Structures are given as structure tokens and as C-alpha cells.
Amino acid sequence: MSSATLSMARPITLLQPARLEIGAGAIGRLGLWASAYKRIFIVAMAPTVGFAASIGLAGEIVTYTDIPPEPDLPAVEAVLASARAFKPDLVIGLGGGSVMDVAKLVAVLWDSEQSVLDVVGVDRVGGRRTALAQVPTTSGTGSEAGIRSLVTNPATQAKLAIESRFMLADIAVLDPELTYSVPPAVTAATGVDALAHCVEAFTNIKAHPLIDGYATLGIELVGRYLRRTVADGSDTEARAGMMLASYYGGVCLGPVNTAGGHALAYPLGTRLKLPHGLANAIIFPHVLAFNAPVQRDKTATIMAALGLASATDEAAARAESLTFCARLGIDMSLAHHGARAEDIGLFAEDAFAIKRLILNNPREFTLADIETIYRTAL
Ligand SMILES: NC(=O)c1ccc[n+]([C@@H]2O[C@H](COP(=O)([O-])OP(=O)(O)OC[C@H]3O[C@@H](n4cnc5c(N)ncnc54)[C@H](O)[C@@H]3O)[C@@H](O)[C@H]2O)c1
Ligand SMILES: [Fe+2]
């Protein structure tokens, strides 16, 4: 059987939110859907809480805004305590990936005996009685599309991954107007994160034709619109295109997931405290290039969709995609973000240990390969 036949025949499960509201002003349509609920708990951050007024909610509302970026366990515990006191029948996540990941956990855990640590892993969540709506305000993680939540464990500084079908939103609202206020640097880095989700699923050893479709649509949207959103944050068409790209990336994460790029980015988050999007943007060109020799056709498709020269040898693919990221204004030097040559061994060991992602990569990594990538990115 050819590998193409195998990938066509491989059983996968794809879950998506039951209802999507998409388009400029879509947030105003959430109020009608939410009118069935009486006690509404909104999870937000300072830059996003102002959007709550546009939903048009009735009923009793508690708004929790104290979510740090890249939330850790104590931050989740604090939100849970507030939700337990309020007893919501609807939880709304109104923010970027940091907020939406927390909203998922609040919806499944506030009235449960289970703690966050009890549900780390796959399918450990017992159930959910509270409704869940997700409203992204960044275009990056695609968390609104998916069943995963990532929380930092302060004891180990590692990200804990919780995956459960009970954390899937009942409704997701993709309103590009909510992303006008995202600063250019965050727009650029989160946009490359969305791109990385699509590319890493597309070139994954677990790639599937169904997911390849979403991935290529997402990559084309990034090629067409990311630079425009960075140049003009209120370009509605470009913001809408990136919001869709981010959603498609989120769809890619469920059945296929990421691979080497995200594995190598994680230590930069935990050890250097770089935001998820920036860490992934810095690594992206290097892993795209590393994989090019074993994925020539798919690399050519990616390069064309991004409007880059159809370079599929390693050095040219790296140079082209590095320029793509640098032209978005991203400082692609790890050293400029605080990395030192003597840290590289530690980063590489951390990344190499993330087997759930490393083993998805189409080209096998040795520890030395990973060290070489960090050294090149320094
Ligand atoms: N669930 C998943 O599948 C998944 C996938 C990838 C990443 N993640 C997680 O998502 C988190 C990162 O999410 P993110 O990249 O969206 O960043 P984020 O949610 O941390 O937001 C980045 C910054 O932008 C601000 N912000 C958000 N919306 C804004 C707006 N409209 N205007 C102005 N400022 C705004 C936030 O306050 C924050 O300071 C990480 O914890 C990462 O691990 C989850
Ligand atoms: Fe990501």
C-alpha cells in the first residue's frame, strides 16, 4: 500500500464547535444565543474585557479579567475559585489563547471533584454541564476550534496539556473587529503561530487528506493577509482572513497536531519566557527547512502559498522563510531574546523529550540536529 493510500485510509476523529458565527460584528449575535442562560461567567483580560458590552448579554454576569498571558496552575485555581462562588450556567472565553484555554477548564472543572492535575492528558475529564462559548481576540492559537488546553506547571516550568471532547465550545464567534487593537508585534508572532499549526500538520507523519485541505487553506490565507494585518491593524478583510487561518490551524491541531516546530518552541517559552507565538515564529523557518528534503512537494506548496520562491532545498527554504518572518518585523535572533550559547544543550534536551510532538516530525531528529537548529537561530 502506498503511503498516500495509508493516509487516506487512516481513521481520524474531527470535532468542531456545533455553531460558528463568523464575520465583522459577529459578536453581536452571541447575545441572542446566550439569552437561554441566566448566570454568565466571562473570562477575559484587560485588553479584551471592553468587548463584553458588545455581546448584548442579559442575566447575571461576573467578569474575571485577571488572566496572565501563558497562564499557570495558580492562575487557573484563582479563576476556578471565583467561578465556584458564582455557579455559572454559561462560561464565555473572551480573549486570546491564554483566556480561551482557561475558559475551557473553568467550564469543565468548576462544579467537578476533579482538579486540573487530575485531568492532564487525554480524555481524563469526567464531563461538563455548563455551556461554553469562545470568542477569540487574537488570530493565532485557534483554541476556539479545539479540545486542548495548555497550562504551565510552576513546579517544572513545563506546559501541561489537557485534551477532552468536553472542552469543545458549543459556539465560537470569529469577529475580526475584535483583533483591530492587537499590536503589530503580537499580530505578527501569533500569525506565524497559526501558520505553524497548518504547516506542521500538513507535513506531519500523521497528515490526513481532510486536514491537508484545512491546512493549505490556512497557509494561503496567511500568505495573502498576514503582512497586511501587520501594516494596517484595522484592515477588516485581512483581519478576517487571519482569523479564519487561525481557526483552520486549530482544526489541524485536533486530529493531527503539530510536530518538531512546536517541540523546539516550547523550551523557549518555559526557559526564556517568550510568548507562545514569538517562540514558534523564531523556530518556524528552521524546522520548515529541516523537513524540506523529505517533504519536497508539500514544501513547494507551502512556499508558493506564502508567495516565496519555490525553494525546497534546506538552505534556500530557510533563507526565504526567515525573510518572510523578518519582514513582518519579528526579531528572529534567539540571542536578542536572551538566549545564550551555553543554554542550547538544555533547550535541546527539553525539546527532544517532548516525544508526543517530536515523533510526529516527518524527518527524524537527533539531539545534535536540534542543537544545530538552536545554534543557527541564535
Ligand atoms: N489550545 C490550543 O490548542 C493552543 C494552541 C496554541 C497555543 N495555546 C496557548 O495559548 C496561549 C497563547 O495565546 P495567544 O498567542 O493568543 O496570546 P495571549 O492570549 O497570551 O495574548 C497575547 C497578548 O495580547 C493581548 N491581547 C489579546 N487580545 C487582544 C486584543 N484584541 N487587543 C489588544 N491586546 C490583546 C493579551 O492581553 C496578551 O497580553 C499560550 O498559553 C499557549 O500555550 C493553546
Ligand atoms: Fe501554537
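Here are a few friendly notes on ligand 1 and on one helix pair in this predicted model.

1. Let's begin with the surroundings of ligand 1. The shell holds 26 residues, and those that come nearest are Met45, Ser98, Thr137, Thr138 and Ser181. By character, the shell divides into twelve polar, nine nonpolar and five charged residues.

2. Where does the largest share of the shell around ligand 1 come from? Helix 4 provides it, with four residues.

3. Three side chains are worth a look for their polar atoms. In serine 181, a side-chain N or O atom is 2.8 Å from a nitrogen atom of ligand 1. Lysine 159 places a polar side-chain atom 3.0 Å from an oxygen atom of the ligand. For glutamate 70, the distance between a side-chain N or O atom and an oxygen atom of ligand 1 is 3.5 Å. As for cover, ligand 1 taken alone exposes 860 Å², and the protein buries 90% of that. Two or more residues of the shell come from each of helix 4 (97–109), strand 7 (148–152) and helix 5.

4. Helix 5 also takes part in a helix pair. Residues 184–202 form helix 5 and residues 260–270 form helix 8; the two pack at an angle of about 140°, and their axes are 9 Å apart. Angles over 145 degrees would count as roughly antiparallel, so this pair is described as oblique.

5. Which residues make that contact? Helix 5 contributes Asp193, Ala196, His197 and Glu200, while Gly260, Gly261 and His262 belong to helix 8. Four residues of this contact are polar, two are charged and one is nonpolar.

Technical notes
Residues numbered from 1 in each chain as written. Chains lettered and ligands numbered in written order. Predicted model: local features only at pLDDT ≥ 70, side-chain atom pairs only at ≥ 80, totals over all residues. Heavy atoms only, no water. Axes fitted to C-alpha atoms, helices over the stretch in contact; angles between N-to-C directions. Parallel < 35°, antiparallel > 145°, perpendicular 65-115°, else oblique. Contact = heavy atoms within 4.5 Å. Nonpolar A, V, L, I, M, F, W, Y, C, P; charged D, E, K, R; others polar. Near = heavy atom within 4 Å. Polar contact = N/O pair within 3.5 Å; in protein donor to acceptor, adjacent residues only side chain to side chain. Areas by Shrake-Rupley, 256 points an atom, 1.4 Å probe, with all protein chains shown as cover.
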